[in-house]
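Student: Could you walk me through this model, beginning with any enclosed spaces and then moving on to whatever lies at the surface?
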Amino acid sequence: MMRLPDFRYYAPQTLQEAANILADQGPTASLIAGGTDLLPKMKRRQQEPETLIALNNIRQLKEIGNGPGLRLGAGVTLSDIVADQRLEEDHRALWQAASQVATPQLRNTATLGGNLCVDTRCTYHDQSFEWRKAIDFCIKQDGETCWAAPTSDRCWAVSSTDSAPALIALGAEVRLVAASGERTVPLEALYRDDGALYLTRQPEEILAEVILPSNAKWRSTYWKLRRRGACDFPILSVAAALRSDAGGTVREARLVLGAISSSPVLCNDVAALLIGNRLSDDLIEEAARLAGASARPKENTDAPAYWRRRMAVPMVTWALKELRGDDMCDERRRLAGQAASMSHEPQSSQTTNEENPK
Ligand SMILES: Cc1cc2nc3c(=O)[nH]c(=O)nc-3n(C[C@H](O)[C@H](O)[C@H](O)COP(=O)(O)OP(=O)(O)OC[C@H]3O[C@@H](n4cnc5c(N)ncnc54)[C@H](O)[C@@H]3O)c2cc1C
Ligand code: SF4
């Protein structure tokens with residue numbers, strides 16, 4: 001059995017109190033929300049904070065507030081998001097993304113803030129301490145070589161958050177609070193394309209809330225590729241959002257690829273191609289090809305890179321067709337069973353994704 005290392009534990013009641021403790025303790029402290037990612041990593045000694053500052057007693061972080069759009073506290077659980085009808089109807093990509101994170105039990109504990117800050121993943125790093133020691137560790141922690149790309153001097157661990165691509169497509173901002181002040185930035189600015197230093201968040205900052213614009217008349221969607229439909233991290237995801245006029249011409253658009261790089265990839269070239277045009281089959285095909293060219297995954301998750309790269313084109317096609325109003329239920333069902341066709345397992349052993357949101 002893997003045991004947690006020793007740590008000091010604080011359970012502040014207010015955001016200000018938490019920010020003060022974080023400033024006081026310095027970078028050896030870590031915030032803990034649901035703990036669904038952090039605690040397994042501490043058991044594997046991938047993270048060894050001396051102090052944990054729990055956020056789950058801070059009521060302010062658990063609020064969903066109305067405004068011009070919506071303000072979601074970082075402590076809102078993913079189950080709270082799935083249960084919220086406003087999100088299901090008006091911010092569908094986020095609702096679909098949250099619905100597909102892990103399992104219901106994990107979503108009851110896992111928070112939005114934790115999901116946005118969740119650690120990057122890599123086959124060579126998500127292992128026990130002894131396993132990592134046997135390969136002399138790697139650049140992400142304690143080592144000098146990247147085993148996924150040995151000639152590279154950076155870490156390519158994969159951004160594996162489901163909610164970030166969806167929220168970036170929806171134009172969300174995040175408010176970061178520290179003892180010394182606060183700032184609000186577009187969500188995409190929170191991420192850095194570096195698997196080891198994947199957040200631009202400063203060590204003393206707490207992600208306090210996510211601010212969603214009103215997005216009246218926008219439609220959005222989230223598509224997730226994963227090995228097991230019942231519970232798995234994304235190995236490729238597509239989030240798309242757009243606003244069309246009454247004649248069907250696209251006026252604004254955002255398309256984001258997740259889980260193929262160390263940060264979510266905002267495809268501005270695809271958006272530029274869509275804007276000013278109607279979503280014809282030809283346009284969708286061209287947009288999907290363009291987006292597919294941005295997908296350059298490395299061989300460091302549990303599925304082959306060539307397959308993840310190849311799946312980008314059909315997944316973008318399906319996402320855009322769904323936003324056009326096509327019925328894509330069959331494609332969603334087929335995607336939930338993709339793992340079997342990839343690994344040539346017999347049909348009877350396929351996992352189906354009963355919760356796969358339409
Ligand atoms: C079996 C399993 C399956 C999973 N499947 C998925 C999946 O499909 N998709 C997916 O996205 N994730 C998945 N996860 C990872 C994880 O459960 C989720 O990402 C979850 O949302 C993390 O939230 P949390 O509140 O538990 O974060 P925690 O574990 O508490 O924290 C995660 C990280 O975020 C930091 N953090 C937390 N809150 C804040 C804040 N407010 N401000 C700044 N930093 C903060 C912590 O310091 C830590 O570094 C899975 C985990 C498991 C164990
Ligand atoms: S991508 Fe390379 S450096 Fe990063 S965790 Fe994997 S092996 Fe380590």
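Tutor: Before any volume is quoted, a cavity here is a set of grid points where a 1.4 Å probe fits but cannot get out, and its volume is the space filled by probe spheres set on those points. Please also keep in mind that this is a predicted model.

Student: Okay, how many cavities of 30 Å³ or more does that rule give?
Tutor: The count comes to 2 cavities of 30 Å³ or more, and the largest cavity holds about 80 Å³ of space.

Student: Which residues lie nearest the centre of the largest cavity?
Tutor: Cys122, Cys138, Cys146, Cys155 and Trp156 lie nearest its centre, out of 14 residues that line the largest cavity.

Student: And how does that lining split by class?
Tutor: The lining of the largest cavity is made up of 10 nonpolar residues, 3 polar ones and 1 charged one.

Student: Switching to pockets, what is the volume of the second largest one?
Tutor: The second largest pocket has a volume of about 170 Å³. It is lined by 13 residues, and those closest to its centre are Arg92, Arg219, Ser220, Thr221 and Leu323.

Student: Which helices and strands supply at least two residues of that lining?
Tutor: Helix H4 (85-90), helix H5, strand S9 (218-225) and helix H12 (305-324) each supply at least two, and the largest share, 4 residues, comes from S9. By class, the lining of the second largest pocket divides into 3 nonpolar, 4 polar and 6 charged residues.

Student: Going back to H5, is that helix mostly covered or mostly open?
Tutor: Helix H5, which spans residues 92-99, is mostly covered, with 7 of its 8 residues buried. The buried residues in H5 are Ala93, Leu94, Trp95, Gln96, Ala97, Ala98 and Ser99.

Student: Now the surface: which residues make the nonpolar patch of about 270 Å²?
Tutor: That patch is made by Leu4, Phe7 and Tyr9, and Tyr9 itself has its place in strand S1, residues 8-10.

Student: Why does Tyr9 count as partly exposed?
Tutor: Tyr9 has a relative accessible area of 49%, and it is called partly exposed because that class lies between the buried limit of under 20% and the exposed limit of over 50%.

Student: Last one, where does Asp245 sit?
Tutor: Asp245 is in the loop between strand S10 (236-244) and strand S11 (250-258), and at 28% relative accessibility Asp245 also counts as partly exposed. The C-alpha atoms of Asp245 and Pro49 are separated by 51 Å, with the two residues lying 196 residues apart along the chain.

How values were computed
Residues are numbered from 1 along each chain as its sequence is written. Chains are lettered from A and ligands numbered from 1 in the order in which they are written. This is a predicted model: local features need pLDDT of at least 70, side-chain atom pairs count only at pLDDT 80 or more; totals for chains, interfaces and linings use all residues. Side-chain values use heavy atoms; hydrogens and water are left out. Patches are made of residues with over 30% relative accessible area and no salt bridge: like charges are joined within 9 Å, nonpolar side chains (Val, Leu, Ile, Met, Phe, Trp, Tyr) within 5 Å. Accessible areas come from the Shrake-Rupley method with a 1.4 Å probe; for residues, only the protein chains shown count as cover. A salt bridge is a side-chain nitrogen of Lys or Arg within 4 Å of a carboxyl oxygen of Asp or Glu. Buried means under 20% relative accessible area, exposed over 50%, partly exposed in between (1.4 Å probe, protein chains only). On a 1 Å grid over the protein atoms alone, a cavity is a set of points where a 1.4 Å probe fits but cannot get out, and a pocket is an open set with protein on both sides within 12 Å along at least five of seven lines; lining residues have an atom within 4 Å of a point. Ala, Val, Leu, Ile, Met, Phe, Trp, Tyr, Cys and Pro count as nonpolar, Asp, Glu, Lys and Arg as charged, and the others, Gly among them, as polar.
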